[in-house]
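Dear colleague,

Please find below the structure that I am handing over to you, together with its sequence. My findings follow beneath it.

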Amino acid sequence: MAPTAVLRLPARALLRPWALLRGVALGRTEAAAGIRNGARRFGSQHVLVEPAAAAGVAVMKLRNPPVNSLSLELLTELVISLEKLENDKVFRGVILTSDCPSVFSSGLDLRELCGRNPARYAEFWKAVQEMWLRFYLSNLVLVAAINGACPAGGCLLSLTCDYRVLADNPKYLMGLNETLLGIVAPFWFKDSIMNTIGHRATEQALQLGSLLPPAEALQVGMVDQVVPEDQLLSTALSVIAKWLAVPDHARQLTKSMIRQATADRLLKQRDADIQNFVSFISKDAIQKSLQTYLEKLKQKKG
């Protein structure tokens with residue numbers, strides 16, 4: 001795969017993701033019967049977006065079975081789907097959830113981190129950055145309806161949202177567990193969780209690679225509500241209605257005031273962050289650790 005140039009961007013300029021996606025058809029739309037305001041559903045290979053029952057709200061479903069691993073393709077499709085919604089005046093809020101049973105997202109696709117060349121690592125990491133920046137800074141109201149396990153990159157994706165509702169199932173563990181794989185979470189992963197659960201809780205969670213069951217995730221503030229699984233979507237709709245009751249311009253400016261400084265830390269050093277990632281992930285010890293873990297996963301499946 002051809003190397004991808006690393007671009008230097010001003011603080012609020014974000015990459016257009018279209019060039020990253022290869023061979024995936026996007027923008028396939030079809031009329032949704034009975035949907036108000038002429039809203040339409042659209043999909044791609046790994047993301048489905050459809051209007052919710054409430055006006056102005058879309059449901060974005062990850063569908064990269066079996067576990068919604070965040071591959072280069074899925075990351076790019078997420079960004080493109082969000083951009084389509086942001087450019088559509090019909091939608092003001094998004095409920096982010098999974099189309100795969102029992103898994104919200106297992107995190108970054110480890111196959112993207114193992115046995116690839118440096119150019120591919122750089123391309124992939126740029127896509128991870130882009131996903132985080134676009135979701136974290138989105139003017140839309142984003143509510144995560146977490147209907148399955150949510151470790152690592154899945155947790156990161158949920159942390160970009162304005163509100164998180166987690167289904168009450170002891171198997172639905174959540175957290176940034178990178179250290180257990182011998183990987184160090186980058187500073188903007190750390191910023192995301194520390195802004196959510198605080199400094200001391202972050203020290204423990206990141207160093208230990210903690211994966212928390214619903215009750216503990218709620219206790220530390222990683223999620224805002226834990227509800228029975230059959231009430232997850234209705235709760236998310238109720239929550240998003242409260243957020244949409246606030247005038248958009250006031251809410252959006254307030255969100256930017258709170259979040260922009262955190263995003264700027266990455267925007268000002270995207271190139272260095274990519275280079276650090278490529279250097280780290282290319283180390284023999286890291287590659288060996290990832291290969292060993294992938295082999296164990298294969299044996300479990302077998």
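Strand E9 is joined to strand E11 (residues 163–167) by four bridges, and the two strands run parallel. Within this pairing, Ile 146 lies opposite Leu 166 of E11. Please note that this is a predicted model.

E9 also pairs with strand E6 (residues 93–98), again in the parallel sense and over four bridges. Here Ile 95 has Val 143 in E9 as its bridge partner.

As to accessibility, E9 (residues 141–146) is mostly covered, with six of its six residues buried. Val 141, Val 143 and Ala 145 point one way from the strand, while Leu 142, Ala 144 and Ile 146 point the other way; all are buried. Two of these residues have already appeared above: Val 143 as the partner of Ile 95, and Ile 146 as the residue opposite Leu 166.

A further open sheet consists of three strands in the order E7-E10-E12, with parallel pairing. Strand E7 (102–103) and strand E12 (174–175) each have a single partner strand and stand at the edges, so one side of each is left without a neighbour in the sheet. E7 is connected to strand E10 (residues 148–151) by two bridges, and these strands run parallel. Val 103 is found opposite Ala 149 in E10. Helix H3 (residues 152–159) packs on this sheet and touches E10 and E12. The direction of H3 makes about 95° with that of E10.

Turning to the helices, H4 (residues 187–197) and H8 (residues 248–267) pack with their axes 10 Å apart, at an angle of about 170°. Angles over 145 degrees count as roughly antiparallel, and H4 and H8 are therefore roughly antiparallel to each other. On the H4 side, the contact involves Phe 187, Trp 188, Lys 190, Asp 191 and Asn 195, which meet Thr 262, Arg 265 and Leu 266 in H8. The residues of this contact comprise three nonpolar, two polar and three charged.

Finally, a word on confidence. The protein has a mean pLDDT of 87, and 86% of its residues reach 70 or more. Over residues 1–37, however, the pLDDT is below 50. That stretch nevertheless has 80 contacts in the model beyond near neighbours in sequence. Where pLDDT is low, the predicted coordinates should not be read in detail.

Yours sincerely

Definitions and conventions. Residues are numbered from 1 along each chain as its sequence is written. This is a predicted model: local features need pLDDT of at least 70, side-chain atom pairs count only at pLDDT 80 or more; totals for chains, interfaces and linings use all residues. Side-chain values use heavy atoms; hydrogens and water are left out. Axes are lines fitted to C-alpha atoms, for helices over the stretch in contact, and angles run from 0 to 180 degrees between N-to-C directions. Angles under 35 degrees count as roughly parallel, over 145 as roughly antiparallel, 65 to 115 as roughly perpendicular and the rest as oblique. Contact means heavy atoms within 4.5 Å. Ala, Val, Leu, Ile, Met, Phe, Trp, Tyr, Cys and Pro count as nonpolar, Asp, Glu, Lys and Arg as charged, and the others, Gly among them, as polar. pLDDT is the predictor's confidence in each residue, from 0 to 100. Two strands pair if DSSP finds at least two bridges between them. Buried means under 20% relative accessible area, exposed over 50%, partly exposed in between (1.4 Å probe, protein chains only).
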